[in-house]
Each structure stands twice: as structure tokens, then as C-alpha cells.
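Here's a friendly walk through a protein chain you may not have met before. Take a look at the sequence and the 3D view, then read on.

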Amino acid sequence: MGRSVVTMRDIAAASGVSQSTVSRVLNNAPTRVPIAAETRERVIQAARHLGYRPNPLARGLRGASTNLIGAVVRDFSDVFYAGVIEALVVESMAHGYNVVLGHVHGQLDEGTPLTTVLETRHTDAIILLGDMQAYPELLADLRGSSVPVVGLWQGTSPLEFPTANPDDQAGVRAGLEHLASLGHRRIGFLSAELPNGYRIREDAYVEFMRERFGGVPEGYLQRCAGTMDGGESALAAMMGLPEPPTAVAASTDLVGVGALHAAHSLGVPVPGRLSVVGFDDILIAAHTVPALTTLRMPIVEIVGYGVSQAVALARDPSEAHAPSMTVFELPLIIRESTAPPVT
């Protein structure tokens, strides 16, 4: 026989308080007369002992907190966002929330409304993961939503919500400074095609080369697909130059891994004749041969910020919803794929 559903009435009977008190405690609702800490604890312990599980759909329909965070993901197929989603689930659970996922990949119609992506009635807050500039109707719906919104990795998206982004420009420069400090002067760049023409990483390379070495040599900037195959093809083209680079920086780790494979296929030792720097520090970066020097994306820190902001806004509507930008630095992780150039 199935287990009976535990109700607030059951908790009230077990803890010796009224059902309305149980409701206020479990929903963390404001009260005119404060609930004693001992009473609050007694209700919580009774709920745990009885195995009470709130129904988020019923709670959402009556306007109570659902303890759900909605996450709108630009692209489930991107290996980077797999790690982001995992961190988001862990961090949300630590705050007592579960995550509802919706995604816009493949829905390139500018008319994509929020309701086709996520049922907002049943979420306390929404977190955007990735650049959403290509979805103006989605952004318009979010702008008018009563549910608080926080943006992470917004890229070229207009600044309309509390937002956290990595400092990609400083990250690229840190990788290039590392190569220059080793003595490299001939430094190429493998620029992955990123959504919505995102060029900040590429622009940071061009600016660095102009400032430090007077410009970018012909053929040293190669644009490619943001895949391992793309990195492989781009490096092969670069190494075919009359004076190939002694080092390359890649705008993503996937492209950097492709460059390592291309170097191996071409008989170019890394880091003997070529140093390689990636960007993101995805899981595979530490397990390539040689292990890839890269910029570590602060996923846990950015996600932690996003969840904390979303929960704070959901619990206190008086909190400021004004657009804001918080920027996170990317630490350089030095591994075996970089060394001084062979003279």
C-alpha cells in the first residue's frame, strides 16, 4: 500500500501548534507577531520526522514560494554548460532550492517567448545561462516578469538584470603575458566562433600584440569552429606559414586540445617547438598530453553569486532589481604545454 501524503495538518498535530503557524514557518512567511525560535524549530523537526515534502506546483498556484529556480540555458550541447548546470544544481540545493531547466538552443526565431521555454508561475527566480541577445522577445518577457532574473555569462546581451561575467579580456592577457614572460614573441591566436559574434577574447589578443609587438603578423590570427576539429585545422594552417609562431593561445580549451592534436600529427613537439594556452579549464584540459596550460573559468564562484542573488531577490522583493555587473577574474593554471621557445 502506498505511503500517505503528509500534510500541514499532520505537522500541526505532531508539533502542538496551529496549521496557520505551520504554514508560516514552512513558507518562511512574514508575521505580525514573531514566532518563537523554539516553536519554529519544533515545527521543522516535526516536518522532518514525518517526511513532509512540499508540492511545488500547488504552492506556486496559491502564490507561495515553490523553492524552485528556473534556469534558461542557451545550449545544452555545449560541454561548458554541462559543468555550469551541475554547479547550479549543487549550489541551489545548498540553499534549499531545486532547479527547473529550460533551453533556447535551436529556437532561433526572434519571437521565442518565455512561456515556451519555462513555466515561470512555478519558479521563485530565473537564472540565465549564456548570451541571450538573439532572443529579444524572451528578454522582453523577462524584463516584464514579476519573477526576479539574474544573468550569468551574458556576453553581448544588453545589461538588464543583476549579472555576473568572467573578465575574459584580462584572462586572455594573462595567458599572453605568461607566454611573453617565457620569451615568446611570435604568438598566434586560435579564435573560436562564439555566439552572437562575441569577439572580446580575440580583441584582447589583437590589442596585446599591438601594444607589445607592434601588431599581429600575417596569418597569426586564425578564426575557426569552436571544436577540436576547428582548432586542429586552424593550427595546421598556422604552422604552414613561412615563419610559424612559437606559441599559440586558443579562445577555448576545445580549440586548444585540437591544436595539441594537430601539433602531434605534424610532428611539432609541445612545448619543445610550440607552446599552447587554452581558455576555460574544462575537465579534459588537465588530462591531455601534455597537460594544457589554461585560464580557469571560475564556474563555482559565478554560479554561487548567481544563486545567492536569485534567492535574495526571491525572498525579499524590496531588494534592488536594477541592472548591475559583477566581474570575476580567471586564474592562470600553468601546466606542461608551455615552456620557453627553442633558440
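Ala-310 sits in helix α11, which covers residues 299-315. Keep in mind as you look that this is a predicted model. Is Ala-310 buried or exposed? Ala-310 is buried, because its relative accessible area is 1% and anything under 20% counts as buried. Leaving aside residues up to four places away in sequence, Ala-310 touches Ala-125, Ile-127 and Val-150. Val-147 also makes a nice pairing to look up: Ala-310 and Val-147 are 163 residues apart in sequence, yet their C-alpha atoms are 9.6 Å apart in space.

**The whole chain**

Now zoom out. The protein chain has eleven helices and twelve strands. Of its 343 residues, 48% are buried. Take the contacts in the chain with a separation of 6 or more: 71% of them are between residues 24 or more positions apart. As for the outside, the accessible surface comes to about 16400 Å², and carbon and sulfur atoms account for 54% of that.

**Two helices that cross**

Next stop: helix α2 (residues 19-26) and helix α3 (residues 37-50). How do they pack, and at what angle? The angle is about 85°, and the axes are 10 Å apart. That angle falls in the range from 65 to 115 degrees, so α2 and α3 are roughly perpendicular to each other. On the α2 side, the contact is made by Thr-21, Val-22, Val-25 and Leu-26. The α3 side brings in Thr-39, Arg-40, Val-43, Ile-44 and Ala-47. Sort the residues of this contact by type and you get six nonpolar, two polar and one charged.

**Salt bridges**

How many salt bridges does the structure hold? There are ten. Here are three of them, with the distance between the N and O atoms.

| Pair | N to O distance | Residues apart in sequence |
|---|---|---|
| Glu-243 and Arg-186 | 3.9 Å | 57 residues |
| Glu-202 and Arg-223 | 2.6 Å | 21 residues |
| Arg-335 and Asp-281 | 3.0 Å | 54 residues |

Let's go through them in turn. Glu-243 and Arg-186 form a salt bridge, with the closest N and O atoms 3.9 Å apart. The pair links distant parts of the chain: Glu-243 is in the loop between α9 (228-239) and β8 (247-250), while Arg-186 is in the loop between α7 (168-181) and β6 (187-192). Arg-186 is partly exposed, with a relative accessible area of 30%.

In the second pair, the side chains of Glu-202 and Arg-223 meet at 2.6 Å, N to O. This salt bridge also links distant parts of the chain, with Glu-202 in helix α8 (residues 200-213) and Arg-223 in strand β7 (residues 221-224). Glu-202 has a relative accessible area of 5%, so this residue is buried. There's a third partner here too: Arg-199, Glu-202 and Arg-223 are linked in a network of salt bridges.

The third pair is Arg-335 and Asp-281, whose closest N and O atoms are 3.0 Å apart. Arg-335 is in the segment after β12 (332-333), and Asp-281 is in the loop between β9 (275-277) and β10 (294-295), so once more the pair links distant parts of the chain. Arg-335 counts as buried at 15% relative accessibility, and Asp-281 counts as buried at 16%.

**A few backbone oddities**

Asp-281 deserves a second look. Its phi is near 60°, a positive value in a residue other than glycine. Trp-153 isn't a glycine either, and its phi is positive at about 55°. You'll find Trp-153 in the loop between β4 (149-152) and β5 (162-166). Buried or exposed, then, for Trp-153? Trp-153 is buried, with a relative accessible area of 8%.

Last come the cis peptide bonds. One joins Val-270 and Pro-271, with omega about 10°. Pro-271 lies in the loop between α10 (253-266) and β9. Another cis peptide bond joins Val-289 and Pro-290, and omega there is about -5°. Where is Pro-290? Pro-290 is in the loop between β9 and β10, and the loop between β9 and β10 is the place of Asp-281 as well.

Terms used:
Residues are numbered from 1 along each chain as its sequence is written. This is a predicted model: local features need pLDDT of at least 70, side-chain atom pairs count only at pLDDT 80 or more; totals for chains, interfaces and linings use all residues. Side-chain values use heavy atoms; hydrogens and water are left out. Helices (H or I, at least four residues) and strands (E, at least two) are DSSP runs, numbered from the N terminus. Buried means under 20% relative accessible area, exposed over 50%, partly exposed in between (1.4 Å probe, protein chains only). Contact means heavy atoms within 4.5 Å. Accessible areas come from the Shrake-Rupley method with a 1.4 Å probe; for residues, only the protein chains shown count as cover. A salt bridge is a side-chain nitrogen of Lys or Arg within 4 Å of a carboxyl oxygen of Asp or Glu. Axes are lines fitted to C-alpha atoms, for helices over the stretch in contact, and angles run from 0 to 180 degrees between N-to-C directions. Angles under 35 degrees count as roughly parallel, over 145 as roughly antiparallel, 65 to 115 as roughly perpendicular and the rest as oblique. Ala, Val, Leu, Ile, Met, Phe, Trp, Tyr, Cys and Pro count as nonpolar, Asp, Glu, Lys and Arg as charged, and the others, Gly among them, as polar.
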